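Please open the model in your viewer and keep the selection panel at hand. The tour below goes from the whole chain to its interior and then to the ligand.

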Amino acid sequence: MSDHETIFDKILAGEIPCHRVYEDDHVLAFLDVNPLSHGHTLVIPKQRGAFLHQLSDDAAAALGRVLPRLCRAVMQATGATAYNLLQNNGRQAHQEVMHVHFHIIPRHGADGLGVGWSAGQLDHGKAPELLAKLHRALAEDADV
Ligand code: 5GP
């Protein structure tokens, strides 16, 4: 994968310190240096890549395997009973570090995360056309 080096590569290489929460062969989790709330944790694959859709199945599976356990640990350690799992892809989606990462953001009431959610209404008449495109895209994706 030809993505550029980011600050997370330096953290993975130990060139920049982090408060490590968890590590295995494929995944590293550490405390966010600018937390939105107490316990804000980042979970990253060791495979370099800017976007989730670029990850190998193995890297993605390793993240999926460990995320629920990390969420449980963050909840237990902070006492939070609610959390957001946030994963930004692309500048328009507010991604700043171009290396895949999941934010585990425990919610303790009025804290630093605001989520705008101006929902529309699904057009049921046009849904079949969209579904056909989605099904075609899935069929053409060799990895699915
Ligand atoms: P993004 O906006 O790309 O989804 O979020 C990137 C996150 O990485 C931010 O929450 C930011 O605070 C965190 N971050 C950036 N640089 C560092 C760093 O050097 N160390 C740690 N621990 N977190 C970082």
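Begin with the whole protein selected: of its 144 residues, 33% count as buried, where buried means under 20% relative accessible area, exposed means over 50%, and partly exposed lies in between, with a 1.4 Å probe and protein chains only. The model is a predicted one, in which local features need pLDDT of at least 70 and side-chain atom pairs count only at pLDDT 80 or more, while totals for chains, interfaces and linings use all residues. Residues are numbered from 1 along each chain as its sequence is written, and side-chain values use heavy atoms, with hydrogens and water left out.

Switch next to a cartoon view, in which you can trace 3 helices and 5 strands, running from the N terminus in the order α-β-β-β-α-β-β-α; helices (H or I, at least four residues) and strands (E, at least two) are DSSP runs, numbered from the N terminus. Along its principal axes, the C-alpha trace spans about 50 × 40 × 25 Å.

Now select Tyr22, Val27, Val43, Leu63, Leu70 and Ile104, which have the most contacts inside the largest nonpolar core, a group of 16 residues. Such a core is a set of buried Ala, Val, Leu, Ile, Met, Phe, Trp, Tyr and Cys residues joined through side-chain atoms within 4.5 Å. Strand E2 (27-31), helix H2 (57-78) and strand E5 (102-107) are the elements that give two or more residues to this core, and H2 gives the most, with 8 residues.

Keep Tyr22 in view and add what it touches: leaving aside residues up to four places away in sequence, its contacts (heavy atoms within 4.5 Å) are Val27, Leu28, Ala29, Val66, Arg69 and Leu70. Then select Ile11, Phe30, Leu42 and Ile44, which are among the 6 residues of a second, separate core.

Finally, turn to the ligand. Which residues come nearest to the ligand? Of the 16 residues around the ligand, these are Leu31, Asp32, Glu96, His101 and His103, and a residue is counted as near when one of its heavy atoms lies within 4 Å. Look for oxygen atoms of the ligand: one lies 3.0 Å from a polar side-chain atom of Asn88, a polar backbone atom of Val97 is 2.9 Å from a ligand oxygen, and an N or O atom in the side chain of His103 is 2.8 Å from a ligand oxygen. Taken alone, the ligand exposes 520 Å², and the protein buries 84% of that, with accessible areas coming from the Shrake-Rupley method with a 1.4 Å probe.

Methods: Polar contact = N/O pair within 3.5 Å; in protein donor to acceptor, adjacent residues only side chain to side chain.
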